[in-house]
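Look at the sequence and the model together. Keep an eye on the cysteines, the nonpolar core and one helix.

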Amino acid sequence: MTTTERTLGPATTGPVATGPAVTGLPDAGGTARRPVLDPATGRVLTHVPDTDGPGVADAVARADTAFRTVWADTSAARRSQLLRELGGLLREDRDHLAALERGNAGKPTARAAAEVDFAADVVDWFAAAARYPVGETHPAGPGMRTYTDRVPVGVCAAICPNNYPLLLAVWKIAAALAYGNTVVVKPAPETPLSVRRLADNAAHVLPPGVLTAVHGGARTGRLLCEHADVAMVSFTGSTAAGREVARRCADGLKPVSLELGGKSPVVVFRDADLDAAARAVVAGFTGNTGQMCVAGTRLIVDRAVHEEFVARVAELAGALCVGRPEDPRTDLGPLISRAAADRADRAVKEAAERGARVILPPGRREVRSDLDGGFYVHPVIVDGAPFDTRAWREELFAPVLSVAAFDTDAQALDLAHDTAYGLSASVWTSDTDRAERFTRALRAGMVWVNTWGDTQETVSVSGMGQSGYGRELGIHAVEGYTRPRAVWVAHRTGR
């Protein structure tokens, strides 16, 4: 999933180191050394060994031992205290972690630093949530006390994506730990460095085995899903990979939380604040260089204002700076890989061949950029792409906006629902009745009205349809990382 509007703005930050440091955390067992690239240059930063089968088994065994002997019986107050200490370490290590995110994930400096701040806030939230009361007492007759409570599931596997390597790992880790579970975290193979650093920091705070990192690609993920002592899997990534996770967990009847893809609509009516809407549309499809599950990549705009609104969006998007992550003027860094840049380029060219109008920034004739040999693309608007093209249908994870015009409210809603995904949607109108109707009707786990991207650690979020299930953040995260239990206690009533 996801980013938030809070991560898009500039961060007030001190200097961030220019070179991504590589932690000295010992590796789990493994022999295949995977190159880790700088997406801004395509150069190799370091190599990280894939964790082999025995290494995964060892990590799970340590997590299981820590759960049974230490963590599940640690009081909520103590877990809360340790999480607060971990949040403090994140803040102390902010510059280093931001440098890793910039160098390994290609994030502009201010964005990377803001994401570390958000991660620390999430840890603080779950430190507090660990002490929130859960459960209920039920009426019972004499001699009986009846209540429900929640118990931790055990070892949780957190399988994380490459678009927000540190932040989304923390979403999972902090929730699982707060409610008494232990965690084996697997970062995306392209972006392991900040999570390695996080695990290194956590070792100074948490008991051994409570948080362990393993590394690798799909094979490592399969080993986690199929391990008998992994009690729950939380996965963020593509819908196709999410289906595979669910299938592999099914044999063990293992619960999963899936935060998957999106192709989110932004519906703009003629009576909206068009300037504010245009700024939101640009943020929605270019933020994090378009590498967001919640990205608003389908603009559905009232035909009466279609031409002027698209022109305004194109003007704002064209003014954004695509450049090196360390340059303070940069708005959009590189995509995560050359394959990602190629995929976006092919989708735009296909739409153009099918008759769509392609709008690039002034002076640009191609989607790709050859800057420093990195994986750069420019923001591009595809107006009028046929509805069976990849530009309209597929999650491209790139700053590509597809546009369609509508004449009636019913057409707007039909176009918004012209996708298998259901992660987020945004509606722009000054008509409060229409806003309420669309809020009720839209099939999306997150709906924004006259805004886009707002997310707080206190609000639980989820998707619908092919965007997955399970809740992240907020008070409802407890539902995924614990199981309800009913208890009847018989006792003497006295004389």
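This report covers those topics in turn.

The model is predicted: local features need pLDDT of at least 70, side-chain atom pairs count only at pLDDT 80 or more, and totals for chains, interfaces and linings use all residues. Residues are numbered from 1 along each chain as its sequence is written, and side-chain values use heavy atoms, leaving out hydrogens and water.

**Cysteines.** The structure has 0 disulfides. A disulfide is a pair of cysteine sulfur atoms within 2.5 Å. Two cysteines show why none forms with their closest partners. Both are buried, where buried means under 20% relative accessible area (1.4 Å probe, protein chains only).

| Cysteine | Closest cysteine sulfur | Sulfur distance | Relative accessible area |
|---|---|---|---|
| Cys249 | Cys225 | 4.0 Å | 1% |
| Cys293 | Cys160 | 12 Å | 3% |

**Core.** The largest nonpolar core has 89 residues. Such a core is a set of buried Ala, Val, Leu, Ile, Met, Phe, Trp, Tyr and Cys residues joined through side-chain atoms within 4.5 Å. Val185 is among the members that touch the most others. Leaving aside residues up to four places away in sequence, Val185 touches residues including Ala158, Cys160 and Leu211. Contact means heavy atoms within 4.5 Å.

**Helix α2.** Helices are DSSP runs (H or I, at least four residues), numbered from the N terminus. Helix α2 spans residues 76–92. Its buried residues include Arg79, Leu83 and Leu90. The buried residues of α2 lie on the same side because they cover an arc of only 165° around the axis, taken from the directions from the helix axis to the C-beta atoms. Among the elements covering them are α1 (53–71) and α4 (109–129).

Conventions
Buried < 20%, exposed > 50% of the residue type's maximum accessible area, 1.4 Å probe, protein only. Helix = DSSP H or I, 4+ residues; strand = E, 2+ residues; numbered from the N terminus. Expected span 1.5 Å × (residues − 1).
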